[in-house]
Amino acid sequence: MNEALSDLLDLLDLEQIEENIFRGTSRPSLVPRVFGGQVAAQALVAAGRTVPGDRTAHSLHSYFLRTGDPGAPIVYTVDRIRDGRSFTTRRVVAVQHGQPIFHLSASFQVDEEGLDHQVTMPDAPDPETLPTAAEALPAYRHLFRDPGTVERLLEARGAVDLRYATTPPWGTIGEPVEPRSQVWFRTSGKLDSADPLLHTCLATYVSDMTLLDSVLLAHGRGGWAVGDVVGASLDHAMWFHRPLRADEWLLYDQDSPTSHGGRGLGQARIWTQDGRLAATVIQEGVVRVPRV
């Protein structure tokens, strides 16, 4: 396990300061604000810490309300909405400087048998045949506004081995293509813990890294690092269908059905390497062309 992954696990190990109240810190991001995947994952940790151990997260719905300050702690307050025989519901508010920056509602369910089907996993190259981020990113250095972006990207994603199976947005600048993107990801080391909550929260963390790529691809835009769009996540929803391990390869198959009015919609499915549909993700974000 590398230092970045160890730091991320520490980040998700929230400090409990009172019943139903937790405190978290932040790690460096590519932009001067808290990474959205971090606050979503920490909020899910806070919710899960108040849920009986026989229940696992099956869905979350969240809104990003304000820019998070990476230099200040984040306080997560959990509201125990409902404890039923099969389902448990929690609402979490993340607060900084006296103001809410993020809301999350999450639902947890006891394990039970039921009808079972899924669509077929899409084709994708073997992740082991794809270049690592450290191998692939330097080729795009000349496209980024700041040459140091490559190092900051590698640092920000150091806890995750994320490999593009399709060309990233900055590789198709000026050439609109099909609004679809695929990446394989796993943590950058094996995890000792088999705790489903931890693996679900790690997948939540990664799910915010590339989901709006497909919006950019549709318009031949390179993204925030290139400087031809500005944007931020607005809301984020996930449904967890089957167990997953974040330290094993997961395929993140993403596409964008629409963008309009300064907003873009991304939708995705997360697959295990053996073809099980593990999660569905939908996010809307602000995607604006900078004014000149």
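**Exercise 1. Asp253 and its partners**

Which side chains does Asp253 join through polar contacts of 2.8 Å and 2.7 Å? Then work out whether Asp253 is buried or exposed.

*Solution.*
- Step 1: Start with the 2.8 Å polar contact, which joins the side chains of Asp253 and Gln182. Keep in mind that you're working with a predicted model.
- Step 2: Now take the 2.7 Å one: here the side chain of Asp253 meets that of Arg180.
- Step 3: Find Asp253 in the chain. Strand E10, residues 250–260, is where Asp253 lies.
- Step 4: Check the accessibility. Buried means under 20% relative accessible area. Asp253 has 11%, so Asp253 is buried.
- Step 5: Look around, skipping neighbours within four places in sequence. Asp253 is in contact with several residues, including Pro122, Ser181, Gln267 and Trp271.

**Exercise 2. Two arginines**

Arg90 and Arg23 both sit in strands. For each one, is the residue buried, partly exposed or exposed?

*Solution.*
- Step 1: Place them. Arg90 belongs to strand E5 (residues 87–96), while Arg23 belongs to strand E2 (residues 21–24).
- Step 2: Arg90 has 1% relative accessibility, so Arg90 counts as buried.
- Step 3: Arg23 has 32% relative accessibility, so Arg23 counts as partly exposed.
- Step 4: Add the surroundings. The side chain of Arg90 makes a polar contact of 2.9 Å with the side chain of Asp83. Apart from neighbours within four places in sequence, Arg23 touches Leu14, Glu15, Ile17, Pro73 and Ile74.
- Step 5: For a sense of distance, try Arg23 and His219: they're 196 residues apart in sequence, and their C-alpha atoms are 40 Å apart.

**Exercise 3. Helices with a buried side**

Which residues of H1 are buried, and why are they on the same side of the helix? Do the same for H4.

*Solution.*
- Step 1: In helix H1 (residues 3–12), pick out the buried residues: Ala4, Leu5, Leu8, Leu11 and Leu12. Their arc around the axis is only 115°, and that's why they end up on the same side of H1.
- Step 2: Turn to the face of H1 that points away from the buried side. There you'll find Glu3 and Asp10, which are exposed.
- Step 3: Ask what the buried residues of H1 pack against: helix H2 (36–48), E8 and H5.
- Step 4: Check the start of H1. A side-chain oxygen of Asn2 comes within 3.3 Å of the backbone nitrogen of Ala4.
- Step 5: Now helix H4 (residues 149–156), where Thr149, Val150, Leu153 and Ala156 are buried. They span an arc of only 135° around the axis, so they share the same side of H4. These buried residues of H4 pack against H5.

**Exercise 4. The cavity**

How many cavities of 30 Å³ or more does the whole structure have? Which element gives the largest share of the lining of the largest cavity?

*Solution.*
- Step 1: Count them: a search of the whole structure turns up one cavity of 30 Å³ or more. The largest cavity holds about 40 Å³ of space.
- Step 2: See who lines it. Among the lining residues are Leu8, Phe185, Arg186, Thr187 and Tyr205.
- Step 3: Sort the lining by type: eight residues are nonpolar, one is polar and one is charged.
- Step 4: Sort the lining by element. Strand E8 (180–187) and helix H5 (196–207) each give at least two residues. H5 takes the largest share, with four.

Notes: Residues are numbered from 1 along each chain as its sequence is written. This is a predicted model: local features need pLDDT of at least 70, side-chain atom pairs count only at pLDDT 80 or more; totals for chains, interfaces and linings use all residues. Side-chain values use heavy atoms; hydrogens and water are left out. On a 1 Å grid over the protein atoms alone, a cavity is a set of points where a 1.4 Å probe fits but cannot get out, and a pocket is an open set with protein on both sides within 12 Å along at least five of seven lines; lining residues have an atom within 4 Å of a point. Grid points are joined across faces, edges and corners, and a volume is the space filled by probe spheres set on the points. Ala, Val, Leu, Ile, Met, Phe, Trp, Tyr, Cys and Pro count as nonpolar, Asp, Glu, Lys and Arg as charged, and the others, Gly among them, as polar. Buried means under 20% relative accessible area, exposed over 50%, partly exposed in between (1.4 Å probe, protein chains only). The arc is that of the directions from the helix axis to the C-beta atoms. Contact means heavy atoms within 4.5 Å. A polar contact is a pair of N or O atoms within 3.5 Å; within protein, one must be able to donate a hydrogen and the other to accept it, and residues adjacent in sequence count only if both atoms are side-chain atoms.
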